[in-house]
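The exercises below are to be worked with the sequence and the 3D view open side by side. Each task is followed by a solution that goes step by step.

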Amino acid sequence: ADGDLAVTSGQTIYTDNTRSAVASTASVGQPSITLSNASGFAAGQEVLVIQMQGTGVGLYEFGTIASIISNTLTLSKNLTNIFTIGGVSKAQVIRVMQYHDVTVQSSGILTAHAWDGSTGGIVAFRASNAVDVQAGGKINATGLGFRGGIQYSGYPDQLGTQGEGTAGPLGTQTQSANGNGGGGGGFWGNC
């Protein structure tokens, strides 16, 4: 257990300080997950494994680390989902902090790091007792998910690129959506 968490007034605490991209496909029915970097992970910790983009997007499961050798986590139970890596498919593993009480005071923020194309964008923790978000305090992930498209400033006659989404990374120059990511916007002369 990680004890109590108090996010004081004006303080920002990140729930995902220990996280890593999955480096290769982790198959259903086996307990191993190879990470890009296993630094900060330890046996006995609970983790969240989540498919962020591509095949199986949105699949997730929780597990407990039994052991670590190099960058490979071995969980105490076999995976019930496949986590696919390659092409546009990306997955990540996040340590799930185990708090007793969580208190977020006025103007305190409990959040996650922004999605960077490999990791981030997920707020996950457990509290075995109370979670108290006081007036003005926030548990917030607004704007930390998939990245927006690229605007071509100075070129009013060009489309922007599609925003990133579950279908994959930043898209092409088109007004069509990229899965759940937005389209690139139109020519100003055509609006």
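**Exercise 1. Find the residues that touch the most other members of the largest nonpolar core, and the elements that give two or more residues to this core.**

Step 1. The largest nonpolar core has 15 residues, of which Ile33, Leu35, Phe41, Val47, Leu73 and Val93 touch the most other members. A nonpolar core is here a set of buried Ala, Val, Leu, Ile, Met, Phe, Trp, Tyr and Cys residues joined through side-chain atoms within 4.5 Å, where buried means under 20% relative accessible area, exposed over 50%, and partly exposed in between (1.4 Å probe, protein chains only).

Step 2. Two or more residues of this core come from each of strand E5 (46–53), E7 and E8; strands (E, at least two residues) and helices (H or I, at least four) are DSSP runs numbered from the N terminus.

Step 3. Another core lies apart from this one and has eight residues, including Leu48, Ile94, Ile122 and Ala124.

Step 4. The model is a predicted one, in which local features need pLDDT of at least 70 and side-chain atom pairs count only at pLDDT 80 or more, whereas totals for chains, interfaces and linings use all residues. Residues are numbered from 1 along each chain as its sequence is written, and side-chain values use heavy atoms, with hydrogens and water left out.

**Exercise 2. List the contacts of leucine 73, not counting residues up to four places away in sequence.**

Step 1. With contact taken as heavy atoms within 4.5 Å, leucine 73 touches Pro31, Ser32, Ile33, Leu35, Ala38, Phe41, Ile65, Ser67, Ile68 and Val93.

Step 2. For the chain as a whole, residues 24 or more positions apart account for 62% of the contacts with a separation of 6 or more.

**Exercise 3. Determine how E8 pairs with E3, E5 and E11, in the parallel or the antiparallel sense.**

Step 1. Two strands pair if DSSP finds at least two bridges between them. Strand E3 (residues 19–21) and E8 pair in the antiparallel sense over three bridges, and glutamine 92 in E8 is the bridge partner of alanine 21.

Step 2. The pairing of E5 with E8 is also antiparallel, over seven bridges, and glutamine 51 has alanine 91 of E8 as its bridge partner.

Step 3. E8 and strand E11 (residues 125–127) run parallel and are joined by three bridges, with methionine 97 opposite phenylalanine 125 of E11.

Step 4. E8 is itself mostly covered, since eight of its 10 residues are buried.

**Exercise 4. Place isoleucine 82 in the fold, and decide whether this residue is buried, exposed or partly exposed.**

Step 1. Isoleucine 82 belongs to the loop between strand E7 (72–75) and strand E8 (90–99).

Step 2. Its relative accessible area is 38%, so isoleucine 82 is partly exposed.

Step 3. Leaving aside neighbours within four places in sequence, isoleucine 82 is in contact with Thr25, Ala26, Ser27, Val28, Gln51 and Leu59. Isoleucine 82 and valine 28 are 54 residues apart in sequence, yet 4.6 Å apart in space, C-alpha to C-alpha.

**Exercise 5. Work out the strand order of the open sheet of three strands.**

Step 1. The order is E2-E10-E13, with parallel pairing.

Step 2. The edge strands, each of which pairs on one side only, are strand E2 (12–14) and strand E13 (138–139).

Step 3. Strand E10 (residues 109–111) is joined to E13 by two bridges, and leucine 110 has isoleucine 139 in E13 as its bridge partner.
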